[in-house]
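Please read the points below with the coordinates open beside them. They are ordered from the whole chain down to single residues.

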Amino acid sequence: MRYAFCGGTLDKHVESTKSDHYWSLERAAVERVLIYRLGSLGDTIVALPCFHLIARTFPQAERQLLTNFPIHGKAPASAAVLGQSGLIHGYMRYTVGTRSVGELLRLAQMIGRFRPDVLVYLMPLRSVKNVWRDRIFFRLCGVRRIVGLPDKERLKHRFDAATGLYESEAHRLARAISALGDAKVDDISTWDLHLSADETEVARRVLNPLAGGPLIVCGPGCKMQANDWEQDNWRALLGRLYRKYPSHALVMTGASQDAEVCEFVARDWAGKKLNLAGKLNPRESAAVFSHAAVFIGPDSGPKHLAASVGVPCVCVFSARNLPGTWFPPGSRNQIVYHQPECFGCGLETCIVMAKKCIRSVQVDEMEHAVDRVLTVARSGQSG
């Protein structure tokens with residue numbers, strides 16, 4: 001079957017459908033792999049199971065990541081997320097949406113010099129037009145084998161009527177490159193950032209003033225107005241949690257731009273606390289999060305980091321995305337999500353509906369969600 005588009009065609013049976021037997025014969029000969037994935041902190045982390053799969057499939061190959069320059073002050077580059085994990089050996093970057101012929105020619109030359117044996121396509125959902133354009137561009141760069149170039153079915157998240165949730169982005173990406181094998185998205189080991197001894201030592205050192213007690217981490221900041229639960233709600237929540245859990249210490253986290261918000265939000269926490277907003281890189285932050293009993297925050301990058309190190313998350317979500325697509329991995333999370341009639345709008349700034357979805361979430365709901373996580377944690381410790 002072929003899909004017509006603007007005078008051209010997009011094959012449903014694309015390169016990603018090569019047989020397992022074919023790949024078993026060809027993988028050993030692959031020396032250079034180019035991976036195409038745009039985004040920042042969260043976008044990089046949800047692709048971790050796929051990065052692990054690619055590394056397992058091509059363990060001897062040089063693996064380069066084609067990604068974008070950061071476009072937001074709160075969005076770390078993928079290199080800051082992956083670091084020295086060994087999953088990626090180098091990076092090619094370009095400006096997203098560029099119309100500069102010169103920049104595109106330089107990018108094509110870089111790809112041509114690298115001479116990838118395989119390109120693994122791990123892009124977010126995009127239009128058939130953009131997929132077609134990408135395919136032509138990489139062909140012109142000399143790439144002959146592409147895994148993960150989506151057919152029409154892979155250009156959407158599947159819906160599970162039993163749960164009312166849509167397929168997560170991590171599962172969709174894994175499905176797109178299933179020709180390489182099982183990415184094991186539900187296995188927490190495939191989210192491993194391979195934190196270094198130095199990174200874990202940084203975490204130990206910065207947490208030392210808290211004297212090793214139980215830890216709550218809160219990251220209230222976010223890039224999008226539509227996802228912002230607003231600082232007065234966060235302050236009220238933390239004030240209640242301190243009265244319930246005074247033996248816990250509090251760590252506030254986020255980008256440097258979030259430091260003042262973090263100070264305001266934590267003002268009623270009378271116990272031990274640290275404001276680390278803007279003071280650590282993403283991998284050092286992940287090492288800090290690994291010591292927490294719970295992470296609390298909105299739909300933003302830090303919650304992905306916390307989930308990747310196995311920490312249960314209590315998250316308040318807007319309904320701008322389809323439910324489930326950006327929920328964190330793991331079975332111990334508590335997601336507080338309301339679904340009004342306008343869900344799935346995709347808006348970054350919500351004016352007409354005045355953020356009806358997330359503003360309807362009450363402090364009580366978040367408080368009870370944290371209670372559920374910490375109750376399980378304490379029962380596990382006592383057991």
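The numbered points that follow concern a predicted model.

1. The overall composition comes to 14 helices and 15 strands in the protein chain. Of its 383 residues, 51% count as buried, and the chain exposes about 17300 Å², of which carbon and sulfur atoms supply 53%. Among the contacts with a separation of 6 or more, 71% are between residues that stand 24 or more positions apart.

2. The sheet to look at is an open one, built from five strands in the order E5-E4-E3-E6-E7 with parallel pairing. Its edges are strand E5 (90-94) and strand E7 (146-147), each of which pairs on one side only.

3. Within that sheet, strand E3 (residues 32-36) runs parallel to strand E4 (residues 62-68), and five bridges join the two. Leu34 has Gln64 of E4 as its bridge partner, while Ile35 stands opposite Leu65 in E4. On the E5 side, E4 is again joined by five bridges in a parallel arrangement, and there Thr67 stands opposite Arg93 in E5. Six of the seven residues of E4 are buried, so this strand is largely enclosed by the rest of the structure.

4. Helix H5 (residues 101-114) lies across E3, E4 and E5, and its direction makes an angle of about 160 degrees with E5. Leu107 belongs to this helix, and because its relative accessibility is 4%, it counts as buried. If residues up to four places away in sequence are not counted, Leu107 touches Leu66, Tyr94 and Phe137. The C-alpha atoms of Leu107 and Arg93 are separated by 8.1 Å, with their positions 14 residues apart along the chain.

5. Two of the residues touched by Leu107, namely Tyr94 and Phe137, reappear in an aromatic cluster, which is made up of Tyr36, Tyr94, Tyr121, Phe137 and Phe138. A colleague inspecting the contacts of H5 may therefore wish to view this cluster in the same frame, given that Leu107 lies in H5 and counts as buried at 4% relative accessibility.

6. How much of helix H3 (residues 48-57) is covered? The helix is mostly covered, with nine of its 10 residues buried. The buried residues of H3 are Leu48, Pro49, Cys50, Phe51, His52, Leu53, Ile54, Ala55 and Thr57. As a general point, an α-helix has 3.6 residues a turn, so residues three or four places apart point the same way.

7. Aromatic pairs deserve a separate check, since a search of the whole structure finds 10 of them, with ring centres within the 6.5 Å cut-off. Trp229 and Trp234 form an edge-to-face pair, at 4.8 Å centre to centre and with 80 degrees between the planes. Both Trp229 and Trp234 are buried. The rings of Phe317 and Phe327 also have their centres 4.8 Å apart, and because their planes stand at 70 degrees, this pair is edge-to-face. Phe317 lies in strand E14 (residues 313-317), whereas Phe327 lies in the loop between E14 and strand E15 (334-337), so the pair ties together parts that are 10 residues apart in sequence. Phe317 and Phe327 are both buried.

8. A charged group is placed over a ring elsewhere in the model: Arg235 lies over the face of Phe264, at 4.8 Å from the ring centre.

9. Is Asp299 buried or exposed? Asp299 sits in the loop between strand E13 (294-298) and helix H12 (301-308), and with a relative accessibility of 11% it counts as buried, because the cut-off for that class is under 20%. Leaving aside neighbours within four places in sequence, Asp299 is in contact with Cys222, Asn227, His304, Val316, Phe317, Asn321 and Trp326. One of these, Phe317, is also a member of the edge-to-face pair with Phe327. Asp299 and Asp228 are 71 residues apart in sequence, yet their C-alpha atoms are 8.6 Å apart in space.

Definitions and conventions:
Residues numbered from 1 in each chain as written. Predicted model: local features only at pLDDT ≥ 70, side-chain atom pairs only at ≥ 80, totals over all residues. Heavy atoms only, no water. Phe/Tyr/Trp six-rings, centres within 6.5 Å; stacked < 30°, edge-to-face > 60°. Buried < 20%, exposed > 50% of the residue type's maximum accessible area, 1.4 Å probe, protein only. Lys NZ or Arg CZ within 6 Å of the ring centre and 35° of its normal. Pairing = 2+ DSSP bridges. Contact = heavy atoms within 4.5 Å. Axes fitted to C-alpha atoms, helices over the stretch in contact; angles between N-to-C directions. Areas by Shrake-Rupley, 256 points an atom, 1.4 Å probe, with all protein chains shown as cover.
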